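Student: Could you walk me through this one? I'd like to ask a few things as we look.

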Amino acid sequence: MVESMAEKAEVGKENVDPAKEGMEVDETNDIPVKVFTVEILRVIKDMQLQHGLRHGDYQRYRGYCSRRVKRLRKTLNLPQGDRRHYKKRDVTLANLEKADADERFIHIPLMLAERAWSYAMQLRQESNTELRKRFHLIEKLRKSCVYALQLQELCASERCDARTKLEAEAYSAWIHGSLHFELKLWQSAAENLKKAQVIYENLAQAMPEEEQTVYRAKVEELKPSLRYCAYNVGESSVNDLLEMRGQAGLLGNLSHLVAQTKAESMEAFQMTEWRGRSVTVRPEKVRLFLLSIQELGKSIEKAKDFPAKIELLENVLLDCKDAIAAIKDEIKQDPKLRQTSTDAGLVGIQYLLAYLSYTRLKLTLDRNLFLVAQAKLTLDDPNATEKVQPNSAGKKSKPQDLSRLYEIILQNVTEMQQLSGMENDASYQAEMESLALSFRAFRCYYIAITLVALKRWREAVAMYERSKKYATEAVSAKTTCSDFDLRAELKTLIATIEGCKFSAHAYSVLEDDNADDSVLFGKSQKSTKPLYERLSHYKEDASLNSRNPNVFKLIPEMEPIPAKPLFFDLALNFVEFPSLEDKIEQKAAGKGTTAGMSGFVKGLFGWGGGGASK
């Protein structure tokens, strides 16, 4: 059935007037041949996910395919008759060989095949309850095979590139394998499905990393059907089935087409490599930036002084920021690219973004190192053998300035360690840790010089020790950063610290002795205390030989003495006195006694009326 319908399609194609075809070919001889690229698998997967198949709605997808075919025929001016009469018009090679040919002609048989396939899948769901619909399912799959063969014939022409040819061949093999699977022709189904699987595997290997996902997913999708076919074919035929890759006649010129596809992919996109992994560069702005930094080292060497080198790096940093913005815009526009990582690590464009972010931080680090080198030219380092000359502005650098620059550099290294997607890379993290130790050693060294200038000898010795520790660990590290090899500078630093440490320690000991006895330095120290208060300490005092020697103060200084204390009887308010009621009663009872005495006196002196009356 499939072969008969395909033959009819070929007969329809042959019915085209050969004279007209010859005229068209002659007219287009001088025009360069336009080669089309149709990513068949990606196109149908996108349409399926957007129009119903995400939820298994095959009827909705079938309706979309019908509307899509109608729009394509109207846009490409390929109608099938008019309103009254129907006249079938298939897409032929003549449509692709025109001067104004469009690759959307190839989409028409693809949409027709997808429409028939989606109808068949809808019928498969309904055939669980209505068994008669299985016959309708088979007819729709046969029709889908016819359109798949038309698609394969169109893509086999010179107007399509190798990738399109391989995808059309794989799609046709998959449709035929699905038909034979429903017909329970296990051997034929296994051969077609295996053919599609092999082509998709080779395409995945030839494509850039970010485009491999859809092909690998299709390969995994075919595995259950292949296992079921192998089970029904029998164990004896399974091994023969798995050796189909080595059969030369099965896939024809597969290796040649795959090599051609890989070459075209390399020409279309620039490849860059970082840390042993290649990644495709799509945005034009990013390609130009990567090309510009290839000769950056030579340009820096030609710069006459440090300010010129710093200015050159700053200009490159601006281009790098634009390239990073271009990648972020592409990720924002395509939701599929927002997937940050897979089991194998970062996806292609995310890995490219990490590489450019590392490049930006590396360029920033280079610029800061040039600032350090420029500051060292005017630094008055007490440990340096040669004295520096001030710059044109007459300013000298201070150790604090260099320690601050190294602090900024350490912040850059921290950002490198925290790059998205590189947190689990053990070798990368080891390199960044070694680099951080190197810069910590230099920072501690210049902090120690600052402390020496402040005559804080003990702190300086401690910072020298820490600097030496960091430098030793960085030199003995197993992995070093290839972009920044500082081992020679670190060895020189260790040798310098050995002398500086003992010098600072000696000054610290001398300072302690100076606190006890200033004679060691031959300096006289004036004291405001009189001589009688410091007889136990020898101090040279020139004022003792003057007219007003400071021997004793004739007027003693006033000293605070304790004043007479004042006592306040506050306890009286809280004292409870004893009751005096019994005393008051006795006084009342003693009034008679008082009257008797007065009468006795009155009687004695003749007073009172009692005696007189008598």
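Here are some questions and answers about a helix, its aromatic rings and a surface patch.

Student: Before we start, what kind of model is this?

Tutor: Good thing to settle early. What you see is a model that was predicted.

Student: Is helix H8 largely enclosed or not, and how many of its residues are buried?

Tutor: Helix H8 runs over residues 162-182, and it spans 31 Å from its first C-alpha to its last, close to the expected 30 Å. The rest of the structure largely encloses H8, because the number of its 21 residues that are buried is 19.

Student: Are the rings of Tyr171 and Trp174 stacked, tilted or edge-to-face?

Tutor: Both residues sit in helix H8, three residues apart, about one turn. Their ring centres are 5.8 Å apart. Edge-to-face needs planes over 60 degrees apart and stacked needs under 30. The planes here are at 55 degrees, so the pair is tilted.

Student: And what about Phe181 and Trp186, which kind of pair is that?

Tutor: Phe181 is partly exposed at 21% relative accessibility, while Trp186 counts as buried at 16%. Their ring centres lie 5.4 Å apart and the planes are at 85 degrees, so this pair is edge-to-face.

Student: Which residue puts its charged end over the ring of Trp174?

Tutor: Trp174 is buried, just as Tyr171 is. The charged end over its ring is 3.7 Å from the centre, and it belongs to Lys218.

Student: Is Leu535 buried or exposed?

Tutor: Leu535 lies in the loop between helix H21 and helix H22. It helps make a nonpolar surface patch of about 720 Å², along with residues including Tyr532 and Phe552. Its relative accessibility is 65%, so Leu535 counts as exposed.

Conventions. Residues numbered from 1 in each chain as written. Predicted model: local features only at pLDDT ≥ 70, side-chain atom pairs only at ≥ 80, totals over all residues. Heavy atoms only, no water. Patch = residues over 30% accessible without salt bridge, like charges linked within 9 Å, V, L, I, M, F, W, Y side chains within 5 Å. Areas by Shrake-Rupley, 256 points an atom, 1.4 Å probe, with all protein chains shown as cover. Salt bridge = Lys/Arg side-chain N within 4 Å of Asp/Glu carboxyl O. Helix = DSSP H or I, 4+ residues; strand = E, 2+ residues; numbered from the N terminus. Buried < 20%, exposed > 50% of the residue type's maximum accessible area, 1.4 Å probe, protein only. Expected span 1.5 Å × (residues − 1). Phe/Tyr/Trp six-rings, centres within 6.5 Å; stacked < 30°, edge-to-face > 60°. Lys NZ or Arg CZ within 6 Å of the ring centre and 35° of its normal.
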